[in-house]
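Please read the following report alongside the sequence and the coordinates, which are shown just below. The text moves from strands to helices and then to individual side chains.

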Amino acid sequence: MTDHRDTVRRYWASIDARDWAGFAAVLADDVRYDLPQTGETISDRERYLRFNREYPGDWSFAVREVLADGDRVVSRAEFTIGGETQDAITFFGFAPDGRIATVLDYWPEPYQAPPGREHLID
């Protein structure tokens, strides 16, 4: 049985190294990538590879945690591009052969806390 956490770690390590062959190896042929905040969906391994290869800028990231529950995995990472850091939360689903079949990516934007709860914050 495939350890899906290891597959997700290989996914991130191959992106970080710009190892596109290694990245392709962990993706199902019909992988589906969804970005709900922009409304984008990319289906097909080659198109998803191209999306990542062509992503603009000099970016880097650090994976902060990878959690698994059965055949679902979620990761939290910090991405840095242009001197700014953003958090990303990514949900993964898997094909029967253990490769990544679905990627659901959320990029939450920071916002100002509402007034009135300052006394609760450390």
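In this predicted model, strand 1, which spans residues 27-35, is joined to strand 2 by four bridges, and the two strands run antiparallel. They form a hairpin with four residues between them, and in that turn G39 has a positive phi of about 80°. Along the pairing, R32 has S43 of strand 2 as its bridge partner, while D34 stands opposite T41 in strand 2.

The hairpin belongs to an open sheet of six strands, ordered 2-1-6-5-4-3, in which the pairing is mixed. Strand 2 (40-43) and strand 3 (59-69) are at the edges, and because each has a single partner strand, one side of each is left without a neighbour in the sheet. From one strand to the next, the twist averages 20°.

Two helices can be described by the strands they lie across. Helix 1, residues 4-16, lies across strand 1, strand 3, strand 4 (72-81), strand 5 (84-94) and strand 6 (100-106), and runs at about 175° to strand 3. Helix 3, residues 45-53, lies across strand 1, strand 2, strand 3 and strand 6, with an angle of about 55° to strand 1.

Which residues of helix 3 are buried? They are R45, Y48, L49 and N52, and because these buried residues fall within an arc of 105° when seen down the axis of helix 3, they line one face of the helix. An α-helix has 3.6 residues a turn, so residues three or four places apart point the same way. The cover over the buried residues of helix 3 includes helix 1, helix 2, strand 1, strand 2, strand 3 and strand 6.

R45, which is located in helix 3, illustrates these surroundings in some detail. Leaving aside residues up to four places away in sequence, R45 touches A24, L27, A28, D29, V31 and R99. The C-alpha atoms of R45 and A24 are separated by 7.0 Å, although the two residues are 21 residues apart along the chain. The side chain of R45 also makes a polar contact of 2.7 Å with the side chain of D29.

At the start of helix 3, a side-chain oxygen of D44 comes to within 3.1 Å of the backbone nitrogen of E46. D44 itself is in the loop between strand 2 and helix 3, and its phi, near 105°, is a positive value in a residue other than glycine. Most residues other than glycine have a negative phi. R18 also has a positive phi, of about 55°, although it is not a glycine, and this residue is found in the loop between helix 1 and helix 2 (20-25). Are these two residues buried or exposed? R18, at 30% relative accessibility, counts as partly exposed, and D44, with a relative accessible area of 33%, is likewise partly exposed.

Within the sheet, T90 of strand 5 offers another polar side chain to examine. Its relative accessibility is 1%, so T90 counts as buried. The side chains of T90 and D105 are joined by a polar contact of 2.5 Å. Apart from residues up to four places away in sequence, T90 touches W12, V73, V74, S75, V103, L104 and D105.

The table brings together the side-chain polar contacts described above.

| Side chain | Partner side chain | Polar contact |
|---|---|---|
| R45 | D29 | 2.7 Å |
| T90 | D105 | 2.5 Å |

Aromatic rings form a further group of contacts, and the count comes to 16 aromatic pairs. In one of them, the rings of Y11 and F23 have their centres 5.1 Å apart and their planes at 50°, so the pair is tilted. This pair links distant parts of the chain, with Y11 in helix 1 and F23 in helix 2, twelve residues apart. Both Y11 and F23 are buried. The rings of Y55 and W59, by contrast, have their centres 6.5 Å apart and their planes at 85°, so this pair is edge-to-face. What is the relative accessible area of Y55? The value for Y55 is 43%, and the residue is therefore partly exposed, whereas W59, at 9% relative accessibility, counts as buried.

Technical notes: Residues are numbered from 1 along each chain as its sequence is written. This is a predicted model: local features need pLDDT of at least 70, side-chain atom pairs count only at pLDDT 80 or more; totals for chains, interfaces and linings use all residues. Side-chain values use heavy atoms; hydrogens and water are left out. Two strands pair if DSSP finds at least two bridges between them. Axes are lines fitted to C-alpha atoms, for helices over the stretch in contact, and angles run from 0 to 180 degrees between N-to-C directions. Contact means heavy atoms within 4.5 Å. Buried means under 20% relative accessible area, exposed over 50%, partly exposed in between (1.4 Å probe, protein chains only). A polar contact is a pair of N or O atoms within 3.5 Å; within protein, one must be able to donate a hydrogen and the other to accept it, and residues adjacent in sequence count only if both atoms are side-chain atoms. The arc is that of the directions from the helix axis to the C-beta atoms. Rings of Phe, Tyr and Trp (its six-membered ring) pair if their centres lie within 6.5 Å; planes under 30 degrees apart count as stacked, over 60 as edge-to-face and the rest as tilted.
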